[in-house]
Amino acid sequence: MHAGHAQYLAEARALCDRLLVAVNSDESIQRYKSPLRPVNPWAERAFVVASLESCDRVTVLDEDRPLSLIERWQPDLYLKGGDYAASSLRSSSAVEVYGGKTVVIPPQFATSTTAMFERIQALAVHAIPQQAATETIGLVLIDRDGTLVRDACFDPLQVELLPGVIEALRMLQDAGFRLCMVTNQQGIGLGYFGYREFIDGNRKLLRMLGEAGIAFTRIYFCPHSMGDHCECRKPLPGMILRAMKDQNVTPDRCFVIGDSVQDMEAATAAGCLGFQVGPSLEIVEAARRIVEHR
């Protein structure tokens with residue numbers, strides 16, 4: 001929600017006796033914008049809109065366009081915000097059929113949701129440097145489930161760091177290594193949980209690590225199931241290769257820590273040295289070997 005939305009809704013309300021606002025469902029936004037959107041779920045977005053004085057009622061729009069709602073309600077005015085002509089709206093003809101009118105309300109603020117996202121991303125890039133920051137000497141890519149946290153952490157409330165994780169990551173970071181996460185998340189592709197649950201779980205994980213002074217540069221994840229035949233799912237090296245390219249690190253300065261054979265196969269395929277943690281190798285010892293290897 002930004003100033004342009006508030007301005008548009010206020011002007012829309014001034015044109016009518018009652019203003020009914022259709023807020024896109026999460027599914028419709030994922031279809032026509034991005035599977036990572038919306039930032040906030042429908043119930044929260046609808047609550048914010050409904051709290052505005054200009055809005056009398058709020059409903060959900062499950063489809064990509066409001067044609068079915070317009071034909072069912074037949075409102076006197078079909079109001080739309082933007083800088084285009086009313087005749088260019090695909091639903092305008094349906095409004096004209098029953099004698100309604102389409103009105104486009106021009107924006108008064110040079111802002112947009114996309115611009116807000118870009119600013120947030122820019123702010124995240126310009127984070128305050130840590131004190132006594134050490135020079136980056138390499139990259140360590142770390143698996144999530146079974147390595148950093150206990151397996152099957154679909155519920156953010158259940159995210160739990162494994163023993164030794166804080167000590168190991170602090171050792172690597174203090175030695176000058178950049179930390180990134182590489183994780184298979186086929187539960188997204190299979191429908192066991194969504195992007196929101198995955199990201200919310202990572203928010204809690206990053207918060208716990210941040211409290212210990214540990215920062216991850218990037219999270220690389222594969223949302224595909226085994227049947228999708230993608231190039232990013234470990235044991236294929238897609239995520240590792242992408243991380244090395246993004247972070248400008250050569251394979252000889254990149255290390256992988258994971259708890260599975262697939263993690264090690266992906267590391268080998270990318271030309272990196274891998275350390276499989278488990279009963280025979282604790283994550284703290286893996287971190288120590290990486291530091292000594294430099």
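**View 1. Glutamate 285 and arginine 289 sit together in helix H12**. Both residues belong to this helix (residues 283-293; helices, H or I, are DSSP runs of at least four residues, strands, E, of at least two, numbered from the N terminus), and they are four residues apart, about one turn of the helix. They form a salt bridge (a side-chain nitrogen of Lys or Arg within 4 Å of a carboxyl oxygen of Asp or Glu), with 3.3 Å between the closest N and O atoms. Glutamate 285 is partly exposed at 29% relative accessibility (buried is under 20% relative accessible area, exposed over 50%, partly exposed in between; 1.4 Å probe, protein chains only), and arginine 289 is partly exposed too, at 41%. Please keep in mind that this is a predicted model: local features need pLDDT of at least 70, side-chain atom pairs count only at pLDDT 80 or more, and totals for chains, interfaces and linings use all residues. Residues are numbered from 1 along each chain as its sequence is written, and side-chain values use heavy atoms, leaving out hydrogens and water.

**View 2. Aspartate 200 pairs with arginine 203 in a salt bridge**. Here the closest N and O atoms are 3.2 Å apart. Both residues lie in helix H9 (residues 195-211), three residues apart. Aspartate 200 is partly exposed, with 24% relative accessibility.

**View 3. Arginine 150 meets glutamate 160 in a salt bridge**. Their closest N and O atoms are 3.3 Å apart. Both lie in the loop between strand E5 (138-142) and helix H7 (165-174), 10 residues apart. Arginine 150 is partly exposed at 39%, as is glutamate 160 at 38%.

**View 4. Asp143, Lys234 and Asp263 are linked in a salt-bridge network**. The count of salt bridges comes to 11.
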